[in-house]
Amino acid sequence: MSINYNFNLPSEENVIARNRTITTYYAQLYQRKPTLYKWAGMAAFASFHIGKKLQMWNWKVSGIKTLSVTCKKTNRSLEDDFQVIRIINNKIFTEIGWAHLAFSQMDFETFKSILQERGKNEIIITAFERLHFAREELNNNVFSETSNTLVWQANIDLLWHEQSEVVQPLFDKLSNLFAGAMSLFASFDYKINHNKTGWQTSSRFFIFMIFKGFRFIKKNGFIPEVTDLEHRWFWISNDLLVKWRKIESDQKLITSEIKILSQIEKRNLII
């Protein structure tokens, strides 16, 4: 089957440029239809923050390595953990990001057939069916509160699939030391770092879990672990998503931040 959609990414060897392009595409997608693409908007911020971490490593010296090479090593190094984080960023795009871009450019039945041919999880297919229904209502100027509920459910389902089926298996490959450091320093900010931020637009995983996630962390010695799916999803669903909904309602703020993310790389997503 012919796959008729257009976007290009730098090669995996161009680690930073590839990450910046992914961030740009997510932001441009959200920018064009914020009513639909909640996952993409949130993913733009997440990819930006991952990019800042990736810039801490000298990729020109180390080059890139496959997951199999990284995980077969007996003596794991810091480089191996950075390789896993790089792979996560790419894997999220190849599993969910590309689907958003294809969905935005293709006839839906053709798009759905491609998902089925590739054996995509039913949760992804159902989510895009809901987004298609909402998109049709938008196009016909009959978008309702029911449509909005479907949009949010679809996007949250995609986020859950991302975290449980894409991110978690790779987080399980991280060294204990790196995972512990991530848990201590993990944070999320809906203001890009040129702006002053605060508790209403940002969150720190460790602090949130200590004060709000007591029933989860008491199971393992009161130590929050961002690489634990249950801990991480509690943080995401009870803090990051809640703040994302509020930030979306602040048009001045969200328009400004998304505009910056959409211009990180000189790309023009065709939709």
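**Exercise 1. The salt bridge of Arg86**

Task: In this predicted model, determine which residue forms a salt bridge with Arg86, and how far apart the closest N and O atoms are.

Solution.
Step 1. The partner of Arg86 is Glu12, and the closest N and O atoms of this salt bridge are 3.0 Å apart.
Step 2. Next, the two residues are placed in the chain. Arg86 belongs to helix H5, whereas Glu12 sits in the segment before H1; the pair therefore ties together parts that are 74 residues apart in sequence.
Step 3. The accessibility of each partner is then compared with the cut-offs: buried means under 20% relative accessible area, exposed over 50%, and partly exposed in between. Arg86, with 3%, is buried. Glu12, at 35%, counts as partly exposed.
Step 4. This salt bridge belongs to a total of eight in the structure.

**Exercise 2. Helices H1 and H5**

Task: Describe how H1 and H5 pack, and state whether the crossing is left-handed or right-handed.

Solution.
Step 1. Helix H1 covers residues 15-32 and helix H5 residues 78-105; their axes are 11 Å apart and meet at an angle of about 35°.
Step 2. The crossing of H1 past H5 is left-handed.
Step 3. On the H1 side, the contact residues include Val15, Arg18, Ile22 and Tyr26; on the H5 side, they include Arg86, Asn89, Phe93 and Leu101. Arg86, the salt-bridge partner of Glu12, is thus also found in the contact of H5 with H1.
Step 4. Sorted by class, this contact has eight nonpolar, six polar and two charged residues.

**Exercise 3. Asp80**

Task: State whether Asp80 is buried or exposed, and which backbone nitrogen lies 2.7 Å from a polar atom of its side chain.

Solution.
Step 1. Asp80 is located in helix H5.
Step 2. Asp80 is buried, because its relative accessible area is 0%.
Step 3. The backbone nitrogen in question is that of Ser77.

**Exercise 4. Helices H8 and H12, and the salt bridge of Glu248**

Task: Characterise the packing of H8 against H12, and identify the residue whose side chain meets that of Glu248 in a salt bridge.

Solution.
Step 1. Helix H8 (residues 145-171) packs against helix H12 (residues 229-248) at an angle of about 145°, and their axes are 12 Å apart.
Step 2. H8 passes H12 in a crossing that is right-handed.
Step 3. Among the contacting residues are Trp152, Trp160 and Phe171 in H8, and Trp233, Trp244 and Glu248 in H12. The class totals for this contact are eleven nonpolar, three polar and three charged residues.
Step 4. The side chain of Glu248 meets that of Lys38 in a salt bridge, with 3.0 Å from N to O. Since Lys38 lies in helix H2 (residues 38-54) and Glu248 in helix H12, the pair ties together parts that are 210 residues apart in sequence.
Step 5. Lys38, at 8% relative accessible area, is buried. Glu248 also counts as buried, at 10%.

**Exercise 5. Ala27**

Task: State whether Ala27 is buried or exposed, and which residues it contacts beyond its neighbours within four places in sequence.

Solution.
Step 1. Ala27 is part of helix H1.
Step 2. Its relative accessibility is 0%, so Ala27 counts as buried.
Step 3. With the neighbours within four places in sequence left aside, the contacts of Ala27 are Ala44, Ile258, Leu261 and Ser262.
Step 4. Tyr37 is ten residues from Ala27 in sequence; from C-alpha to C-alpha, the two are 9.6 Å apart in space.

Methods:
Residues numbered from 1 in each chain as written. Predicted model: local features only at pLDDT ≥ 70, side-chain atom pairs only at ≥ 80, totals over all residues. Heavy atoms only, no water. Axes fitted to C-alpha atoms, helices over the stretch in contact; angles between N-to-C directions. Helix = DSSP H or I, 4+ residues; strand = E, 2+ residues; numbered from the N terminus. Left-handed = near helix turned anticlockwise from the far one by under 90°. Contact = heavy atoms within 4.5 Å. Nonpolar A, V, L, I, M, F, W, Y, C, P; charged D, E, K, R; others polar. Buried < 20%, exposed > 50% of the residue type's maximum accessible area, 1.4 Å probe, protein only. Polar contact = N/O pair within 3.5 Å; in protein donor to acceptor, adjacent residues only side chain to side chain. Salt bridge = Lys/Arg side-chain N within 4 Å of Asp/Glu carboxyl O.
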